[in-house]
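Me: I have a protein model open and would like to go through it step by step. Please reason briefly each time and finish on the answer.

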Amino acid sequence: MRNNDYFLLIADFLLNKGLTFNPDNIYIEEVNLEQLIKIVARDGFPKRFTHWTWGRNELFFEKTIRSGTQNFAEIALWSDPYVIYLSRLLPPTFKKVVLAHALTHIDFFENNLHFKRIKSMAKNVIDRFATHKIKVDEMIERYGIERVENFLDRALSIRNLIDPNSLYKKEPKVVQQDTQDIVPAKLPVPRPYLDPYINPPPSQIIKNKSADDILKFPKNPVRDILLFLIKYAPLEDWEAMILTIIRDEEYYFVPIKMTNILNEGWAAYWHSIAMTNLLDWKEIIDYCEIDSRVVVKPNPYWLGRELFRNIEENWN
């Protein structure tokens with residue numbers, strides 16, 4: 001698919017316009033509609049950890065497609081290398097629009113600071129998510145689907161309780177300070193022989209802790225509740241592993257959620273420019289019909305494109 005005439009034509013046009021992406025680092029896979037629905041239902045991944053929500057999403061998307069209220073043509077995945085899943089049922093004009101749109105998403109991934117600063121998160125992300133599925137499947141086999149799924153339900157209900165800004169913060173320097181050994185006060189005992197049990201000798205770890213360390217945890221307030229639970233909650237190892245998996249995946253989606261309107265607007269802006277320059281007069285009418293169905297007020301495509309058009313009109 002990388003050698004497809006549509007792909008080369010559109011990629012050359014966008015690169016000549018100043019967009020930046022490496023065509024050799026892009027993998028395009030044509031899939032049927034059923035496969036595309038499964039991928040979209042899993043937020044762009046062919047494999048994710050086992051959970052009933054993906055099946056629910058599939059049923060919802062199938063109903064919206066049958067009713068004509070929604071359609072899926074492609075999904076561009078932030079990964080390294082980049083992956084574009086493209087519906088093989090698309091007519092030629094629609095395929096050109098979708099390729100231009102997807103390639104512009106990749107330009108956005110390459111240049112927007114939200115993605116650029118944490119580019120390492122996209123490395124081998126498809127394999128990483130597939131590994132998460134393997135781990136959860138092993139837990140289901142060992143502990144039972146009901147037990148694992150119940151915990152997943154609870155964990156997914158708080159998956160947004162992370163600290164998105166932590167991805168872009170520099171770690172503060174840790175300053176070592178000498179602290180006086182703190183020994184907890186002894187509790188009163190009714191009988192002397194109980195003293196070693198009620199007031200055991202303080203361990204060396206406790207001796208070397210400061211008063212603040214003993215009185216509270218963590219030492220400073222944190223916004224990443226999932227990490228707090230992983231570190232301090234009385235969880236079994238497999239439960240902590242599930243929280244770690246959910247936390248890892250949620251941080252991957254942070255820049256995608258934070259830039260949704262600009263990302264879709266940038267893609268819609270450039271697919272409009274590309275199509276009006278590359279299509280012949282016979283295809284323009286088809287393109288206008290496609291664009292009018294996709295870029296509808298006030299969805300992210302329309303809002304984002306209007307923002308960029310406003311910038312162009314007012315500040316060139």
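The turns below go from the whole chain to single residues.

Me: How many helices and strands are in the protein?
Reply: The model is a predicted one. Its 316 residues include buried ones, at 38%. The secondary structure consists of 16 helices and three strands.

Me: What share of the contacts with a separation of 6 or more comes from residues 24 or more positions apart?

Reply: Contacts here are counted when the separation in sequence is 6 or more. Among these, the share from residues 24 or more positions apart is 73%.

Me: Which helix gives the most to the largest nonpolar core?
Reply: In soluble globular proteins, nonpolar side chains tend to be buried together. The largest nonpolar core here has 75 residues, and L14, W78, L103, I242 and Y252 touch the most other members. The helix that gives the most to this core supplies 10 residues and spans residues 92–111: it is α4.

Me: Which residues does I242 touch, leaving out those up to four places away in sequence?
Reply: I242 is one of the core residues that touch the most other members. With residues up to four places away in sequence left out, its contacts are M139, V148, F151, L152 and A155.

Me: Are α2 and α3 parallel, antiparallel, perpendicular or oblique to each other?
Reply: Two packed helices are described by the angle between their axes and the distance between the axes. The axes of α2 (residues 33–41) and α3 (residues 52–67) come within 8 Å and cross at roughly 130°. That angle lies outside 65 to 115 and is not over 145, so the two helices α2 and α3 are oblique.

Me: Which residues of α3 meet α2?
Reply: The crossing of α2 and α3 is right-handed. On the α2 side, the residues involved are L33, I37, K38, V40 and A41. On the α3 side, they are W54, N57, E58, F61, E62 and I65.

Me: Is T259 buried or exposed?
Reply: T259 sits in the loop between α13 (254–258) and α14 (260–278). Its contacts beyond four places in sequence are F108, N112, H114 and F115. The relative accessibility of T259 is 2%, and the cut-off for buried is under 20%, so T259 is buried.

Me: How far apart in space are T259 and N112, C-alpha to C-alpha?
Reply: In sequence, T259 and N112 are 147 residues apart. In space, their C-alpha to C-alpha distance is 8.8 Å.

Me: Is R117 buried or exposed?
Reply: R117 is in the loop between α5 (113–116) and α6 (125–143). The cut-off for exposed is over 50%, and R117 has 56% relative accessibility. R117 is therefore exposed.

Notes: Residues are numbered from 1 along each chain as its sequence is written. This is a predicted model: local features need pLDDT of at least 70, side-chain atom pairs count only at pLDDT 80 or more; totals for chains, interfaces and linings use all residues. Side-chain values use heavy atoms; hydrogens and water are left out. Helices (H or I, at least four residues) and strands (E, at least two) are DSSP runs, numbered from the N terminus. Buried means under 20% relative accessible area, exposed over 50%, partly exposed in between (1.4 Å probe, protein chains only). Contact means heavy atoms within 4.5 Å. A nonpolar core is a set of buried Ala, Val, Leu, Ile, Met, Phe, Trp, Tyr and Cys residues joined through side-chain atoms within 4.5 Å. Axes are lines fitted to C-alpha atoms, for helices over the stretch in contact, and angles run from 0 to 180 degrees between N-to-C directions. Angles under 35 degrees count as roughly parallel, over 145 as roughly antiparallel, 65 to 115 as roughly perpendicular and the rest as oblique. A crossing is left-handed if the near helix is turned anticlockwise from the far one by less than a right angle, and right-handed if clockwise.
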